[in-house]
Amino acid sequence: MSYAADPDCLFCKLVRGEVPADVVHATDATFAFRDVQPQAPTHVLVVPRRHVPDVASLVAEAPQEAVALFAAAAEVARQEGLAAADGGYRMVANTGPAAQQSVFHAHVHVLGGRPMTWPPG
Ligand code: AMP
């Protein structure tokens with residue numbers, strides 16, 4: 001299945017520069033910016049430039065871009081001083097309404113800078 005670019009998608013608008021973003025990292029395939037409602041001292045969203053509704057769809061459509069997404073998330077964590085050797089961070093990919101996904105453009109949350117609890121809510 002192939003997903004067309006969605007002119008109404010919020011994260012597509014951020015990627016295109018039509019909505020302002022606090023950008024922290026960018027590659028040919030990925031784009032990363034600070035979440036407007038941070039849930040931790042560091043809270044960055046890493047998204048593929050390609051419009052697909054969730055990470056599972058990205059793996060199916062363009063697996064090499066899923067690898068690029070996770071590589072970008074790791075680089076963001078390193079930049080933010082959150083690499084595993086520095087204490088670590090959490091990556092979250094809410095997938096579907098039961099998981100409280102609210103923006104249906106694939107993304108991973110990179111969260112860190114405070115102790116995390118388990119299980120997540
Ligand atoms: P999710 O609920 O997993 O789909 O995550 C979507 C995230 O997008 C939420 O954490 C929102 O706070 C965040 N968000 C919504 N609008 C913006 C925006 N304009 N810039 C940055 N983050 C946003």
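This report describes the surroundings of the ligand and one pair of aromatic rings.

The structure is a predicted model, in which local features need pLDDT of at least 70, side-chain atom pairs count only at pLDDT 80 or more, and totals for chains, interfaces and linings use all residues. Residues are numbered from 1 along each chain as its sequence is written, and side-chain values use heavy atoms, with hydrogens and water left out.

Around the ligand there are 16 residues (those with a heavy atom within 4 Å of it), and Asp-35, Asn-94, Ser-102, His-107 and His-109 come nearest. By class, this shell holds seven nonpolar, seven polar and two charged residues, where Asp, Glu, Lys and Arg count as charged, Ala, Val, Leu, Ile, Met, Phe, Trp, Tyr, Cys and Pro as nonpolar, and the others, Gly among them, as polar.

The table gives polar contacts of the ligand, that is, pairs of N or O atoms within 3.5 Å.

| Residue and atom | Ligand atom | Distance |
|---|---|---|
| Val-36, backbone N or O | nitrogen | 3.3 Å |
| Gln-100, polar backbone atom | oxygen | 3.1 Å |
| His-109, polar side-chain atom | oxygen | 2.8 Å |

On its own the ligand has 510 Å² of accessible area (Shrake-Rupley method, 1.4 Å probe), of which the protein covers 84%.

The description of aromatic pairs rests on the distance of the ring centres and the angle of the planes. With centres required to lie within 6.5 Å, the count comes to two aromatic pairs. In one of them, the rings of Phe-11 and Phe-33 have centres 5.4 Å apart and planes at 75 degrees, so the pair is edge-to-face (planes over 60 degrees apart).

Key: Polar contact = N/O pair within 3.5 Å; in protein donor to acceptor, adjacent residues only side chain to side chain. Phe/Tyr/Trp six-rings, centres within 6.5 Å; stacked < 30°, edge-to-face > 60°.
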